[in-house]
Amino acid sequence: MKLVFAGTPEVAVPALDALLASERHEVAAVVTRPDAPAGRGRRLVASPVAERAQEAGIEILRPVKPRDPEFLERLREIAPDCCPVVAYGALLPRAALDIPDRGWVNLHFSLLPAWRGAAPVQHAIMAGDEITGASTFLIEEGLDSGPVYGTVTEEIRPTDTSGDLLTRLAFAGAGLLAATMDGIEDGTLKAVPQPADGITLAPKVSVADARVDWSAPALRVDRLVRGCTPAPGAWTTFRGERLKLVQVTPAPDRTDLVPGRLAAGKNNVYAGTGSHAVELLWVQPQGKKPMRAADWARGVRIGAEETVGG
């Protein structure tokens, strides 16, 4: 098939690579978000998908909005058979959805209908799921509601951050998307409607959502930190300033601390929760780089009655 691939961030690059490596399909162009300012200089930077497409010598389409007439006209000229999508980052209008004969097929990082939305991996970790995966489905105008072509499963490990898990899913999902294109092309794969039950939603995780509630149990605090790492970053406050929590671990032997109370030893820092304590392993004070929590604690000289989150 002739394909136009739509995607933007680094997590979409493995799928693009898998399709470029396929001997059965031609990637005629990519659709990606416009160049965006990044870094301290706020210089315009191309998306990772655009950079990979440039390396491969593929045409790059960067519409401000996918409903732009110039973009739609160029897509009609290319006349793709199918448009695979991974984390493109913009809603596709009906006018775009109708152009390829075999539609737009999205690789989504959950086992649909669970965790429909922008942040499925973060929500799966924060909810304490033990298994997640990736799904390929035919895009409709609803939110991740289209019929499913295929899935792969992935275990959520006890120390996984959303970054860890998303990296594994990106590579597992790349193989799934390539196999889905093969199955669509040869007619052996049919999309199956999603069940009406088991639907959960995974909206984007805001900075406010990432604030730690120290009255919650230690396991929930740990899941929040892992789910929000690397973005948007779990945080609390200490002496009136924001303190990012990069890594914590439950400490079931410490049951002597009330929620938010800190206890610092020579090599360890603990914070009380609604159950037992968590050990703070890595933190990032406001305006500084991540550091070991024990080094941070020595520098700020934590007092006997000090707390976080107050």
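Biologist: Where is P230 found, and what is the peptide bond from T229 to P230 like?

Modeller: P230 is found in the loop between α7 and β10, and the peptide bond from T229 to P230 is cis, with omega near 15 degrees. Helices (H or I, at least four residues) and strands (E, at least two) are DSSP runs, numbered from the N terminus. Mind that this is a predicted model: local features need pLDDT of at least 70, side-chain atom pairs count only at pLDDT 80 or more, and totals for chains, interfaces and linings use all residues. Residues are numbered from 1 along each chain as its sequence is written, and side-chain values use heavy atoms, with hydrogens and water left out.

Biologist: Why is T236 called buried?

Modeller: Buried means under 20% relative accessible area, exposed over 50%, and partly exposed in between (1.4 Å probe, protein chains only). T236, in strand β10, has a relative accessible area of 0%, so T236 is buried.

Biologist: What makes the pair T236 and W214 a polar contact?

Modeller: Happy to explain! A polar contact is a pair of N or O atoms within 3.5 Å; within protein, one must be able to donate a hydrogen and the other to accept it, and residues adjacent in sequence count only if both atoms are side-chain atoms. The side chains of T236 and W214 are joined at 2.9 Å.

Biologist: Why is R239 called partly exposed, and R301 exposed?

Modeller: R239 has a relative accessible area of 49%, so it is partly exposed. R301 has 72%, so R301 is exposed.

Biologist: What makes helix α7 largely enclosed?

Modeller: In α7, 7 of the 10 residues are buried, so the rest of the structure largely encloses this helix.
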